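I opened the model today to look up how its strands and helices are put together. My entries follow in the order in which I checked things.

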Amino acid sequence: MKLNIAFRVDASVEIGIGHLMRCLTLADELKNKGAYTRFISRHLPDYLYQLLVRSKHDVSLLTLEEECDTETLLPKLELSHAKWLGTSQVFDAKESSNALKDKMWDWIVVDHYAIDQHWENLMRDYTNKVMVIDDLADRQHDCDLLLDQTLGRTSENYNLLTPKECSLFIGPNYSLLRGEFSKKRAYSIKRRSELLCKNILITMGGTDKNDAISIILNEIKKTTLAQDSCLTIILGSQSPALKKVKKLAATMPWNTKVLVDVNNMAELMSESDLCIGAAGSTSWERCCLGLPSLLVILEDNQNDISNALELAGASINLGRLSNPLFRDNLRENINKICTHKSLLKSMIKESSLITIGTGTLTIAEAMSGT
């Protein structure tokens with residue numbers, strides 16, 4: 001039987017694009033299994049809307065915040081990330097149900113820090129099951145399946161937050177990675193046996209709203225990177241820092257490339273020796289490929305990931321961008337990794353043990369009952 005599966009997820013400069021991208025990864029896998037898929041979004045940049053359309057997923061857009069009745073905005077401050085929704089959960093559920101009333105849905109997948117059990121319960125008349133993707137473990141959920149891919153998280157963290165019958169998929173082995181990562185895994189790990197530290201990948205998510213890359217580039221200039229090193233910077237076309245980063249990249253003493261809206265991240269990561277990256281969901285992509293990382297905390301929800309990966313010996317936590325010691329930490333650790341091969345070797349090994357990259361297939365099979 002063909003499954004009908006809806007995704008409630010948003011993306012913006014403030015929210016980032018990671019939530020939408022991992023939902024898209026799962027949706028692609030489910031679509032390959034024959035499912036009909038639809039995305040429901042209130043905040044969605046046009047280039048991501050076009051990406052969903054090109055990927056042959058149906059898309060329904062909800063009312064923008066400035067178009068909402070002001071009365072619906074009053075009760076929205078109920079969760080720590082409530083402002084991300086742009087309205088109250090009740091109003092959002094009403095609009096979402098209108099976007100979904102043409103079908104009975106087998107699953108509604110929710111990936112949103114501003115949504116909890118109140119919204120999920122209101123959607124029960126429109127779906128057989130609810131799935132939640134979360135990283136925070138900070139609110140109650142009314143769901144049948146919950147995925148939290150955070151390293152160090154356990155099922156005990158959700159025992160009091162989910163129904164007893166809810167199926168819990170906890171840990172980075174269930175991380176939603178595209179198939180290209182598991183396919184590149186063996187090659188990527190094998191090429192690291194040379195313990196090189198010349199190809200440096202820099203990625204702060206699609207938007208880099210804090211312009212972290214400019215700060216990082218200015219500090220890298222003060223390191224002892226080999227003369228034949230190469231820097232590769234990944235940014236989204238909608239990043240407010242894009243022009244500034246391109247201009248700064250042209251002044252670097254090493255070969256420096258700025259790549260925009262890439263679709264071959266697994267290839268780029270597998271050919272890199274070290275990544276300076278945000279401690280978000282791409283952390284699991286890097287681990288799958290055994291790519292050592294210097295982690296930058298851009299949001300509060302990235303603290304747990306950074307600390308857990310450093311504790312595992314898979315990455316080095318540089319701390320928050322605003323930390324007065326951040327710049328010193330960055331320079332010192334780049335120099336340390338590139339001169340101490342034993343540290344590089346250990347980080348490659350430990351990161352590759354975090355996940356093998358087949359979580360998307362596991363979750364899709366659980367949803368489809370195969």
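Before looking at helices lying on sheets, I noted that contact means heavy atoms within 4.5 Å. I also noted that helices (H or I, at least four residues) and strands (E, at least two) are DSSP runs, numbered from the N terminus. For directions, axes are lines fitted to C-alpha atoms, for helices over the stretch in contact, and angles run from 0 to 180 degrees between N-to-C directions.

The model is predicted, with local features needing pLDDT of at least 70 and side-chain atom pairs counting only at pLDDT 80 or more, while totals for chains, interfaces and linings use all residues. Residues are numbered from 1 along each chain as its sequence is written, and side-chain values use heavy atoms, with hydrogens and water left out.

**Entry 1: the seven-stranded sheet**

I looked up the strand order and found an open sheet of seven strands, β3-β2-β1-β4-β5-β6-β7, with parallel pairing; two strands pair if DSSP finds at least two bridges between them. The edges are held by β3 (58–61) and β7 (167–170), each of which has a single partner strand, so one side of each is left without a neighbour in the sheet. From one strand to the next, I read an average twist of 20°.

At one edge pairing, I found that β2 (residues 36–41) is joined to β3 by four bridges and that the two run parallel. Within this pairing, S41 stands opposite L61 of β3.

**Entry 2: helices on that sheet**

I then asked which strands α3 lies across. They are β1, β2, β3 and β4, and α3 runs at about 150° to β2. Helix α1 (residues 18–32) lies across β1 (4–9), β2, β4 (105–111) and β5 (127–133), and its direction is at about 175° to β1.

Helix α3 covers residues 89–100, and K94 is found in it. Is K94 buried or exposed? K94 has 55% relative accessibility and counts as exposed, where buried means under 20% relative accessible area, exposed over 50% and partly exposed in between (1.4 Å probe, protein chains only). I also noted that the C-alpha atoms of K94 and M123 are 8.8 Å apart, although the two residues are separated by 29 residues along the chain.

**Entry 3: α1 against α2**

For this pair of helices I read a packing angle of about 5°, with the axes 12 Å apart. The two helices are therefore roughly parallel to each other, given that angles under 35 degrees count as roughly parallel, over 145 as roughly antiparallel, 65 to 115 as roughly perpendicular and the rest as oblique. On the α1 side the residues are L20, M21 and L24, and they meet L48, L51 and L52 in α2. By class, I recorded six nonpolar residues, no polar and no charged ones in the contact of α1 with α2; Ala, Val, Leu, Ile, Met, Phe, Trp, Tyr, Cys and Pro count as nonpolar, Asp, Glu, Lys and Arg as charged, and the others, Gly among them, as polar.

**Entry 4: the six-stranded sheet**

I next traced an open sheet of six strands in the order β10-β9-β8-β11-β12-β13, again with parallel pairing. Its edge strands are β10 (255–260) and β13 (315–320), each pairing on one side only. The twist here averages 15° from one strand to the next.

Strand β8 (residues 199–203) and strand β11 (residues 274–278) run parallel and are joined by four bridges. In β11, C275 is the bridge partner of L201. Helix α6 packs on this sheet and touches β8, β9 (230–235), β11 and β12 (293–297), its direction making about 170° with that of β9. Helix α10 (residues 303–311) also packs on the sheet, touching β12 and β13, and makes about 145° with the direction of β13.

**Entry 5: α6 against α11**

How do α6 (residues 212–220) and α11 (residues 326–339) pack, and at what angle? The angle is about 55°, and their axes are 10 Å apart; α6 and α11 are therefore oblique to each other. I215, I216, E219 and I220 in α6 meet F326, R327, L330, R331 and I334 in α11. The residues of this contact divide into six nonpolar, no polar and three charged.

**Entry 6: two positive phi values**

Most residues other than glycine have a negative phi. K56, in the loop between α2 (46–54) and β3, has a positive phi near 65°, and K56 is exposed at a relative accessible area of 61%. D211, in the loop between β8 and α6, has a positive phi near 55°, and D211 is buried at 15%.
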